[in-house]
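This report looks at how some helices of a protein are packed against one another. Please keep the sequence and the structure in view while reading.

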Amino acid sequence: MQARRAIQRGRPAGTTTYEAAPAQAFGATVRAIRLEEGIAQETLAHLAGIERSHMGKIERGEHLPTLAVILKIARALGRSAGELVLETEARLEQG
């Protein structure tokens, strides 16, 4: 009979939840739409209810936002989260 391994909470050692390519593509998408709409980064952060420094990190691809933050950003940009994700996917495919 094989012994069962105990379930450990949290991430396995050596793993990370950060993936640079999607973070950078999402950030580029947000920045492009924001500039297209003529919205200052600080204004977008205020409309989305997040810190300006966090918005900067998202746009630079240093942070991959949670679903809740993606929804807030989409709402602040007057877009759907789906539109942001589709644009992000297109940027990833372009490589």
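## What counts as covering

A contact here means that heavy atoms lie within 4.5 Å, and a residue is called buried when its relative accessible area is under 20%. The model is a predicted one.

## Helix H3

In H3, which spans residues 52–59, the residues Met-55, Gly-56, Ile-58 and Glu-59 are buried. When H3 is viewed down its axis, these buried residues fall within an arc of 160°, so they line one face of the helix. The elements that cover the buried residues of H3 include H1, H2 and H4. Just after H3 comes Gly-61, which takes a positive phi of about 80°.

## Helix H4

Helix H4 runs over residues 67–77, and its buried residues include Val-69, Ile-70, Ile-73 and Leu-77. Down the axis of H4, the buried residues fall within an arc of 165°, so they too line one face of the helix. The face turned away from this buried side carries the exposed residues Leu-67 and Arg-75.

Among the elements that cover the buried residues of H4 are H1, H2, H3 and helix H5, the last made of residues 81–94. H4 is followed by Gly-78, whose phi is positive and near 70°.

## Arg-34 in helix H1

Is Arg-34, placed in helix H1 (residues 20–37), buried or exposed? With a relative accessible area of 8%, Arg-34 is buried, because this value is under 20%. Leaving aside residues up to four places away in sequence, Arg-34 touches Ile-39, Ala-40, Gln-41, Leu-44, Glu-59 and Leu-77. Of these partners, Glu-59 is one of the buried residues of H3, while Leu-77 is one of the buried residues of H4.

Methods: Residues numbered from 1 in each chain as written. Predicted model: local features only at pLDDT ≥ 70, side-chain atom pairs only at ≥ 80, totals over all residues. Heavy atoms only, no water. Buried < 20%, exposed > 50% of the residue type's maximum accessible area, 1.4 Å probe, protein only. Helix = DSSP H or I, 4+ residues; strand = E, 2+ residues; numbered from the N terminus. Arc of directions from axis to C-beta.
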